[in-house]
Amino acid sequence: RSNTELIPKIENEKWKMTVKVTTEDDVVENETELNLMNPQIIQRLKRQLEESIKDRIGLAVEQVQEEMEVDILGFGEEFRRAYPKQWLLAKDQWSEKFPDVEVDIIPKAYIRRPGVSTTPQGRSDEEVQQE
């Protein structure tokens, strides 16, 4: 499950978009050498998941802004709703303004269920990373 929230902001004539992504994930099967019952390992996995989400969304935004130059993400609509007066002045130049919108990505991940097999199958306790 995931949810994305777009938060537009105009400061000193600089247009910014905050992309907040919240996701809840489950571990289906543990094929690693990690003990998923250890909260420290779950925290580490959570941070790695957040970084992965940030990287993937950042890459997509970069491609859309720099290569495609098309607002398929709906940034313009969010600016129109939040700043109707500024939008009226900028809408005719949106294709030029859109690539310059500063984007901040804030991911938040939760690992709700570590799965049925929390320790790796076929591994001895000595092989399982506890921390």
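Analyst: A residue is called buried when its relative accessible area is under 20%, exposed when that area is over 50%, and partly exposed when the value lies in between. The model discussed here is a predicted one.

User: Why is Lys9 called partly exposed?

Analyst: The relative accessible area of Lys9 is 41%, and since partly exposed stands for values between the 20% and 50% limits, Lys9 belongs to that class. Glu11, with 33%, is partly exposed as well.

User: What makes the contact between Lys9 and Glu11 a salt bridge?

Analyst: The criterion asks for a side-chain nitrogen of Lys or Arg within 4 Å of a carboxyl oxygen of Asp or Glu. For Lys9 and Glu11 the N to O distance is 3.2 Å, so the pair satisfies the criterion. As background, side chains of opposite charge can pair when their charged atoms come close.

User: How many salt bridges are found in the whole structure, and which residue does Lys46 pair with?

Analyst: The search of the whole structure gives 7 salt bridges. Lys46 pairs with Glu50, their closest N and O atoms lying 3.2 Å apart. Both residues belong to helix 1, where a spacing of 4 residues puts them about one turn of the helix apart, and both Lys46 and Glu50 are buried.

User: Why are Arg81 and Glu78 separated by about one helical turn, and what makes their contact a salt bridge?

Analyst: The two residues are 3 residues apart in helix 2, which is why the separation comes to about one helical turn. The closest N and O atoms of Arg81 and Glu78 are 3.8 Å apart, and because the limit for a salt bridge is 4 Å, the pair is counted as one. Salt bridges with shared partners also join Glu77, Glu78, Arg80 and Arg81 into one network. Arg81 has a relative accessibility of 54%, and since exposed requires over 50%, Arg81 counts as exposed.

User: Which residues form the negative surface patch, and how do you know that Glu67 is exposed?

Analyst: The negative patch is formed by Glu62, Glu66, Glu67, Glu69 and Glu96, with helix 1 giving the most to it, namely 3 residues. Glu67 is found in helix 1, and its relative accessible area of 63%, set against the limit of over 50%, makes it exposed.

User: Which residues make the nonpolar surface patch, and why does Val70 count as partly exposed?

Analyst: Met68, Val70, Ile72 and Leu73 make a nonpolar patch of about 370 Å². Val70, in the loop between helix 1 (39–68) and helix 2 (75–82), has a relative accessibility of 42%, which lies between the 20% and 50% limits, so Val70 counts as partly exposed.

User: What is unusual about phi at Asn12 and Glu69?

Analyst: Neither residue is a glycine, yet phi is positive at each, being about 50° at Asn12 and about 55° at Glu69. Asn12 sits in the loop between strand 1 (2–11) and strand 2, whereas Glu69 sits in the loop between helix 1 and helix 2. With 79% relative accessible area Asn12 is exposed, while Glu69, at 46%, counts as partly exposed.

User: Why is Pro107 called buried, and where is Pro107 found?

Analyst: Pro107 has a relative accessible area of 15%, and because buried means under 20%, Pro107 is placed in that class. Pro107 is found in strand 3 (residues 102–113), and its C-alpha atom is separated by 10.0 Å from that of Asp55, which is 52 residues away along the chain.

User: Which residues of the largest nonpolar core touch the most other members, and what share of the chain counts as buried?

Analyst: This core has 16 residues, of which Trp15, Met17, Val19, Phe75, Phe79, Trp94 and Val101 touch the most other members. Strand 2 (14–26), helix 1, helix 2 and helix 3 (84–90) are the elements that give two or more residues to the core, the largest share, 4 residues, coming from strand 2. Of the 131 residues of the chain, 30% count as buried.

User: How many helices and strands does the chain have, and what is the order of its elements?

Analyst: The chain has 4 helices and 3 strands, which run β-β-α-α-α-α-β from the N terminus on.

Key: Residues numbered from 1 in each chain as written. Predicted model: local features only at pLDDT ≥ 70, side-chain atom pairs only at ≥ 80, totals over all residues. Heavy atoms only, no water. Patch = residues over 30% accessible without salt bridge, like charges linked within 9 Å, V, L, I, M, F, W, Y side chains within 5 Å. Areas by Shrake-Rupley, 256 points an atom, 1.4 Å probe, with all protein chains shown as cover. Buried < 20%, exposed > 50% of the residue type's maximum accessible area, 1.4 Å probe, protein only. Lys, Arg positive; Asp, Glu negative; His and termini not counted. Charge placed at Lys NZ, Arg CZ, Asp CG, Glu CD. Core = buried A, V, L, I, M, F, W, Y, C linked by side-chain atoms within 4.5 Å.
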